[in-house]
Amino acid sequence: MKLTLKIWRQKNAQDKGGIVEYPIDGIEPDMSFLEMLDVLNEQLINRGEEPVAFDHDCREGICGMCSLFINGEAHGPDRGVTTCQLHMRMFKDGDTIFIEPFRAKAFPVIKDLVVDRSSFDRIQHAGGFISVNTSGNTIDANTIPINKHDADKSFDAAACIGCGACVATCKNSSAMLFVSAKVSQYALLPQGKVEAVDRVLNMVHQMDLEGFGNCTNTGACEIECPKGISLENIARMNREYLAASLKG
Amino acid sequence: MAQSAQLNASILKKVAMALSGIFLITFLALHVTLNFISILSESVFNEVSHFMGYNPLIQYVMQPVLAFGVILHFVMGFILTAQNSAARPIAYAKYNGAANASWSSRNMIISGLVILAFLGLHFYDFWFPELGYKYIAGTAPDATRYYGELVHKFHSPVRTGLYCVSFILLGFHLWHGFASSLQSMGMHNKYSRFLSKVGLWFAVVVPAAFVIIALFHHFNN
């Protein structure tokens, strides 16, 4: 395949950055998108040019590191996948492909296509946990009966890998799908109910502090989410927040 | 330590939008019902309009509440839009919003601005003259004037056209807004799917009824 890549290049966080065009040839349809970028980087290095910086880790679709906005969509045109699981057969020979970093005030660009998503970590630190006594008298979680329906819903929410595609694709740069998944995975379980009020108030407060936008329920986040996190979680978080507002 | 809920929290702002939106949806249902009477009966339309125009509860309680709801909805809409724009200071070179969200959901501010402009025209046509009639000129109540005033406004093809375009944009606004307001208030249960469908029907039927009323009076008189 012969392609024209239009890639965002930015030397560092302070640099203004801009789109740079790279023609590339010899791309196999069965390559993953990241492998295609590897080929490009090999060519750039051989030419003595700076390779394109991009995030990646597991390349198995579960780490959520590959924060690429491809042809106007988070993780490209395929559904339910991260960029490493996006294959070049999704494109046609001769295509022009725009490759940009995830864009949000709360996700500043570090270099080229690499963004700082530590805002997600700070939201998680604000309440995305349960307090468990680990001094030696821990109780097996399975001793607490849990309704299977709730356990399944909780597990579905816990499948969120925190990749940030929801923020990247949302026209408002809202982090509601991510935060709601982290709130929901605990809100549905008895172990999470003890700190439910503090959790939702603290996490939403931190989310707002980070400068994410407001959710307007377009549903784009759910469609672009590689793990299929449902909008149902946002509704649940809204309920949790309203209930906590009355208690807290 | 827990944060206390703050009035400017993003979720509470969305709930304010949702509550004011549902209130305005209820008002629209009432408005279209009363207007539709003008097609069916001139005398009944005059009667209900006179009741609405001179009932103290409607004039001095419901009307201010409605004005508050309208202002709150627009002000919150502008605040949320400004905050959302600030949340992405550098735009994408290529953004394919149509790939994962409907036009109506992505352009609520555009349909909202059209509705705001329409409200300006609507107030100019009906509300300001009504205030002048009752409170400035101090004219005695006339229970037979409403139908004639309504029909007179729809003589102009330009005004009728502007009204119809505004109603179509209102339909787009409701197409997303109805279900969105339920989601913002945390509703997601076995009734949600049904209520969302009700919302879609409402978004078609109510604006269509307004269009029919405007066209009826334009061509019938």
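**Exercise 1. Describe how strand β5 of chain A is paired, beginning with its antiparallel partner.**

Solution. Strand β3 (residues 68-70) of chain A and β5(A) run antiparallel to each other and are joined over three bridges. The model examined here and in the following exercises is a predicted one. Within this pairing, A:I70 stands opposite A:I99 of β5(A). The next step is to consider strand β1 (residues 3-9) of chain A, which pairs with β5(A) in the parallel sense over four bridges. Here A:K6 is the residue opposite A:F98 in β5(A). Finally, the surroundings of the strand are examined: five of the six residues of β5 (residues 96-101) are buried, and the strand is therefore mostly covered, a residue counting as buried if 20 or more other C-beta atoms lie within 10 Å of its own.

**Exercise 2. Determine into which domains chain A is divided and how many residues of each are in contact with the other.**

Solution. Chain A consists of domain 1 (3-111) and domain 2 (118-247). Taken over C-alpha atoms, the centres of these two domains of chain A are separated by 29 Å. At their contact, domain 1 of chain A contributes 18 residues and domain 2 of chain A contributes 16. The side of domain 1 that touches domain 2 divides into nine nonpolar, six polar and three charged residues.

**Exercise 3. Locate the largest nonpolar core and explain why it lies between two domains.**

Solution. The largest nonpolar core holds 80 residues, and A:V167 and A:V179 have the most contacts inside it. Among the elements of chain A, helix α5 (residues 176-187) gives the most to this core, namely eight residues. Both domain 1 (3-111) and domain 2 (118-247) of chain A supply residues to the core, so the core lies between them. The surroundings of one central residue can then be listed. Leaving aside residues up to four places away in sequence, A:V167 touches A:F102, A:A104, A:F107, A:S173, A:S174, A:A175, A:F178 and A:F212. Another core, of 19 residues, lies apart from the largest one; among its members are B:I115, B:L174, B:L182 and B:A203.

**Exercise 4. Set out the secondary structure, extent and burial of chain A and chain B.**

Solution. The first step is to count the elements. Chain A has nine helices and seven strands, whereas chain B has eight helices and zero strands. The order of elements along the sequence of chain B is α-α-α-α-α-α-α-α. The second step concerns extent along the principal axes: the C-alpha trace spans about 60 × 40 × 35 Å in chain A and about 60 × 40 × 40 Å in chain B. The third step concerns burial. In chain A, 50% of the 248 residues count as buried; in chain B, 28% of the 221 residues do. The last step considers contacts with a separation of 6 or more. Residues 24 or more positions apart account for 70% of such contacts in chain A and for 86% in chain B.

**Exercise 5. Characterise the side of chain B that touches chain A.**

Solution. The contact between the chains involves 45 residues of chain A and 37 residues of chain B. On the chain B side, α1 (10-40), α3 (56-86), α4 (103-106) and α7 (157-184) each supply at least two residues. The largest share comes from α1(B), with five residues. By residue class, the side of chain B that touches chain A divides into 18 nonpolar, 14 polar and five charged residues.

Key: Residues are numbered from 1 along each chain as its sequence is written. Chains are lettered from A and ligands numbered from 1 in the order in which they are written. This is a predicted model: local features need pLDDT of at least 70, side-chain atom pairs count only at pLDDT 80 or more; totals for chains, interfaces and linings use all residues. A residue is buried if 20 or more other C-beta atoms lie within 10 Å of its own, exposed if 12 or fewer, and partly exposed in between; C-beta atoms are placed from the backbone. Two residues are in contact if their C-beta atoms, placed from the backbone, lie within 7 Å. Ala, Val, Leu, Ile, Met, Phe, Trp, Tyr, Cys and Pro count as nonpolar, Asp, Glu, Lys and Arg as charged, and the others, Gly among them, as polar. A nonpolar core is a set of buried Ala, Val, Leu, Ile, Met, Phe, Trp, Tyr and Cys residues joined through C-beta atoms within 7 Å. Domain bounds come from an automatic or database domain assignment. Two strands pair if DSSP finds at least two bridges between them.
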